[in-house]
Amino acid sequence: MPDPLLELRNVSKVYGDPETGVVALHDFSLTIDRDKPEIVTVAGESGSGKSTLANLVLGFVRPTSGTIRFDGRDIVAASPGDHRDYYRDVQAVFQDPFSSYNPFYRVGHVFDTVIRNFGLAGDRAKARDMVEDGLNAVGLKSVDVLRKYPHQLSGGQRQRIMMARAYLVKPRLIVADEPVSMVDVSLRSSILDVMTRLRDEDGISFIYVTHDLSTAYQVGDRIVMFYQGTLVEEGWATEVLSGPKHPYVRLLIESVPRPDPGARWEGEIQLPEEAMQQKARLTGCRFVPRCPYAMKACSDELPPMHAVGTSGHRVSCVLYGPGHDAAGRS
């Protein structure tokens, strides 16, 4: 049986002292198949561990425990030479399309640097063809962008160029950390369309980090939902977002404003003090201070993932464990 493309097994990241530090990610596992390109959406509110996961996969930070393997190779223990090969297979697109550029260089410099660093072309003619191919993949033309400075392009163009730069090395996985959050709403669909086309036409998988549940529903195949560093729900994106089970995921989806001027929020959302949330023990569910269904068992230990259906939909909540019937809670 071939190794998966990416495998995270029981990965945790603690900043500071392992016993008293901040737990950014706790005991998380994820597998992406090599032969089934997909967009895995990582969602949750700020501070939930989304960007920590992205940084771990990209090798920017080391896990406190657990293993991260790509194509069967342990990337944590990899040599500098192995890391070079890894970054040909795994590329990144970051949140801010403005700060990703050096304003003193024209846009063409972005591609020249990638081609030179990875030795992608033996002559200028081949380099030009590669750049043109990359720009065509994201719906741009070299004549329109390469001679311009970053400030002369729109946010959507800048972000698509970052996608083209990643595509240039023909990666197998792209980690996209909030790639549309700083792009005008009217341009977001163009970025998301690029992601789906690269998945369908070029076989590139994505880890798509976002807090925007509407885009997660639009392009995500699978979704993993985090709360304070712990996985609370996972499954097919359309199933999880249309029928959430975990109380936190329900609250998150219910908080999305409806496009109805006649609809009004009623009542007030009561949140515990931030310090109280930070003290939520990893021996129990971290959502206990905010959960309307909290019971003693929730504080005793972190609930395991329980299957809710037959399609891989799982939730970490005692309401769905043995002896509890949460079928009517929706």
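Tutor: In this predicted model, a residue is called buried when its relative accessible area is under 20%, and a salt bridge requires a side-chain nitrogen of Lys or Arg within 4 Å of a carboxyl oxygen of Asp or Glu.

Student: Why is Arg 160 said to have no salt bridge?

Tutor: The nearest side chain of opposite charge, that of Asp 193, is 8.0 Å away, and because a salt bridge needs the nitrogen within 4 Å of the carboxyl oxygen, Arg 160, although buried, is left without one. Arg 160 lies in helix α6, residues 155-168, and, leaving aside neighbours within four places in sequence, is in contact with residues including Leu 140, Ile 191 and Val 194.

Student: What makes the pair Arg 290 and Glu 45 a salt bridge?

Tutor: Their closest N and O atoms are 3.5 Å apart, which satisfies the limit of within 4 Å, and therefore the pair qualifies. The two residues belong to distant parts of the chain, Arg 290 in the loop between α11 and α12 and Glu 45 in the loop between β3 and α1, 245 residues apart.

Student: How do you know which of Arg 290 and Glu 45 is buried and which is partly exposed?

Tutor: Arg 290 has a relative accessible area of 18%, and because buried means under 20%, Arg 290 is buried; Glu 45, with a relative accessible area of 25%, is partly exposed.

Student: What makes Lys 296 exposed, and where does its salt-bridge partner Asp 300 stand?

Tutor: Lys 296 has a relative accessible area of 63%, so it is exposed, the cut-off being over 50%, whereas Asp 300, at 43% relative accessibility, counts as partly exposed. Their side chains meet at 3.1 Å, N to O, and being four residues apart in helix α12, they are separated by about one helical turn.

Student: Why is no disulfide assigned to Cys 285 or Cys 291?

Tutor: A disulfide requires cysteine sulfur atoms within 2.5 Å. The closest cysteine sulfur to that of Cys 285 is in Cys 298, 6.2 Å away and therefore too far for a bond; for Cys 291 the closest is again in Cys 298, at 6.1 Å, which is also too far. A search of the whole structure finds zero disulfides.

Student: Why is helix α10 called largely enclosed?

Tutor: Six of the eight residues of α10, which spans residues 247-254, are buried, so the rest of the structure largely encloses this helix. Among the buried residues are Tyr 248, Arg 250 and Ile 253, and the cover over the buried residues of α10 includes α8, β9, β10 and α9.

Definitions and conventions:
Residues are numbered from 1 along each chain as its sequence is written. This is a predicted model: local features need pLDDT of at least 70, side-chain atom pairs count only at pLDDT 80 or more; totals for chains, interfaces and linings use all residues. Side-chain values use heavy atoms; hydrogens and water are left out. Buried means under 20% relative accessible area, exposed over 50%, partly exposed in between (1.4 Å probe, protein chains only). Lys and Arg count as positive and Asp and Glu as negative; His and the chain ends are not counted. Contact means heavy atoms within 4.5 Å.
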